[in-house]
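Welcome! Here is a short briefing to help you find your way around a structure you have not met before. Have a look at the sequence and the model first, and then read on.

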Amino acid sequence: MSIGPELFTAVARSIGETVLPCRIGKIETGDTWAAFRLSSGKDRWLLFSWNPGSYGCGLVGEDGIASLKKTRDSRSSFGEALKRNFQNASILSVRQLNSDRVLHFAAERLVGAGFSVPLSLVFEGTERNSNLVILDESGSILEPAKHIHGDMNRYRMILPGIAYTPPPPLKGKYLGETGEIEGPEDLRGLRGIGRGLSEILTRFWDTRPVRHWNDMVARTLSGEEQGLLILRQGSLLTVFPEPLPSCEVLPGPLLERCGEEVLSSYFLGQRDRILSGVKKALEREIKSRKRHRDGLENQICLSERGNEFLKMGNLLLAAGDLVPPRARAVELQDWETGEPLLVPLDENLTASRNAEKYFRKYKKGKVDRDAVRKAILSIEEGISELEEQVETLESIDDPDLLSVSARDVMEWLVPKKTTSARKHKTAPPPHIRLENGGDLIYIGLNARGNRHVTFKVAAPTDLWFHVHEIPGAHVILKTAGKDEAPADSSVEIAASLAAWFSRAKNSGKVQVDYTEKKNVRSIPGSAIAHVTYVHPKTILVSPERWKEFPEAARSRQLEDRM
């Protein structure tokens, strides 16, 4: 995500007018984010993210903070410093520094007997150099989120005890210094307008009168939220008083929308990181199984030539000294047919050692070919299932669900060693449960989750759903009573969820098969979640359809623990 300074202008003005002054009730922190719960409104958190791919600030709700908390690994010294200095403090004002992507928050903390200590918080939204810095009353740095040493930045250092220096001022002039903007070249040299917005306006400059653009730019630089639209073009987030070609207009209040965009971008980055890690593990396992399969296929090839290898070995032993030294091949007479037989040799080995090599090949090829072929089929089924796991994980867009599913896949690939002789109660594989009326819907999140919902959760007469001939989740629909038929809406929701958690997620309409669970059978010797089924019915459904049932969607909960 990329943000221009014009958006920071609007954010600063909106925070100053609609949020401040306010007291900080609670502080939550992560590796690259911090959130302050504000006393100025229920369920309002001021979020700062200095993650290079999702930097920014805005307002978010309790649900967003709860999701963020699940992504943090451990406490940080900076997080403790924030709590120590800003817990129960009041933020009094905010201003933008140098028309840049830097916000300075003035605050104070009561220390008792009516005395207060002034302090500041500086947020720098500068992509990979983004930072959050705590300053004391004199402007010295108490603690930064990211330490910047002199060998990293020759212009300034961001370290405790050093006077804070903002990023170098942007080149160019302020609007009041330039007079009228006559063309794109004046726009590119205007402070407060980012390169992204400048490039957009340059492309469409000739479509409007110069006076119109001057008015629009002036309104943008004023930062007045009521007159600005939030626009997105690709990864760029900006503001402007009117819609611009090629830009998407984002609805909602500015601060809430900025918070939502930061969260969305952050979770997208988390999702990519989780996916990357588990995909590498799956790819390693797939390569390992392919090598095993190739070895078994080689065994079959050796077994098919077993008699040939045995004959070559015996001929070499019988020939003895007749085999020339360092020969790459020798022609010997086959005593059974009387025909000459060309025997390839390793030129570095004697005749007897070459014979031993052929005898080893003969012994290695003495296998039960049918058993080996079954083993090869089983390995190929396993490889296919691992490849499907990659596709299944890619269909999960919720970072919480993806994290749990990925962790379960990793534990499946590399089981944890148990050090105690006592048996521990294991958690079920990850799956989701939804409710619609009295009906319950279960969705497997990976291969083990699919097997669990199909063969552990489902009763014989429950309905089983799966996208037609496409890898995806197993979905179970359980009715409220044994002899009761499920609601038509429940069938629709279950089918839609089967499509949503599949490779066909982005399709308009998807064909989903469903049948009673008693018609579903595991394939012996195959991968753990590969099944066959009979007597299916078919429904054509949109993968998004389940979201149109708000009560069912709100009931969604992850079940990865007993």
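A helix axis here is a line fitted to C-alpha atoms over the stretch in contact, and the angle between two axes runs from 0 to 180 degrees between N-to-C directions. With that in hand, please keep in mind that this is a predicted model. The points below cover three pairs of packed helices and then the empty spaces.

**Helices α2 and α8**

- The axes of α2 (residues 62-69) and α8 come within 11 Å and cross at roughly 25°.
- Angles under 35 degrees count as roughly parallel, so α2 is roughly parallel to α8.
- The two helices, α2 and α8, make a left-handed crossing.
- On the α2 side the contact uses Gly 64, Ser 67 and Leu 68, while α8 brings Leu 263, Tyr 266 and Phe 267.
- Sorted by class, the contact of α2 with α8 holds four nonpolar and two polar residues, with no charged ones.

**Helices α9 and α10**

- Helix α9 (residues 306-319) packs against helix α10 (residues 351-364) at about 160°, and their axes are 8 Å apart.
- Angles over 145 degrees count as roughly antiparallel, and α9 and α10 are therefore roughly antiparallel to each other.
- The crossing of α9 and α10 is left-handed.
- Residues of α9 in the contact include Phe 309, Leu 310, Met 312 and Leu 316, and those of α10 include Ala 355, Tyr 358, Phe 359 and Tyr 362.
- The contact of α9 with α10 is made up of 10 nonpolar, five polar and one charged residues.

**Helices α11 and α12**

- For α11 (residues 369-394) and α12 (residues 399-413), the packing angle is about 165° and the axes lie 11 Å apart.
- This pair, α11 and α12, is therefore roughly antiparallel.
- Helix α11 passes α12 in a left-handed crossing.
- From α11, the contact takes Glu 385, Leu 386, Gln 389 and Leu 393; from α12, it takes Leu 402, Ser 405, Ala 406, Val 409, Trp 412 and Leu 413.
- Seven nonpolar, two polar and one charged residues make up the contact of α11 with α12.

**The largest pocket**

- The largest pocket holds about 830 Å³ of space.
- It is lined by 31 residues, and the closest to its centre are Pro 5, Asp 100, Arg 101, Leu 170 and Arg 195.
- Elements that each give at least two residues to the lining of this pocket are β1 (2-3), α5 (184-188) and α6 (195-203).
- Helix α6 gives the largest share of the pocket lining, with four residues.
- The lining of the largest pocket is a mix of 10 nonpolar, 10 polar and 11 charged residues.

**The cavity**

- Searching the whole structure turns up one cavity of 30 Å³ or more.
- The volume of the largest cavity is about 70 Å³.
- Among the residues lining the largest cavity are Ile 3, Leu 7, Phe 8, Val 11, Cys 57, Leu 103 and Glu 261.
- At least two residues of the lining of the largest cavity come from each of α1 (5-18), β5 (56-60) and α8 (254-304).
- The lining of the largest cavity divides into nine nonpolar residues, one polar and one charged.
- Helix α8 also appears in this briefing as the partner of α2, with their axes coming within 11 Å.

Methods:
Residues numbered from 1 in each chain as written. Predicted model: local features only at pLDDT ≥ 70, side-chain atom pairs only at ≥ 80, totals over all residues. Heavy atoms only, no water. 1 Å grid on protein atoms, 1.4 Å probe; cavity = no way out; pocket = protein on both sides within 12 Å on 5 of 7 lines; lining within 4 Å. Points joined across faces, edges and corners; volume = space filled by probe spheres on them. Nonpolar A, V, L, I, M, F, W, Y, C, P; charged D, E, K, R; others polar. Parallel < 35°, antiparallel > 145°, perpendicular 65-115°, else oblique. Left-handed = near helix turned anticlockwise from the far one by under 90°. Contact = heavy atoms within 4.5 Å.
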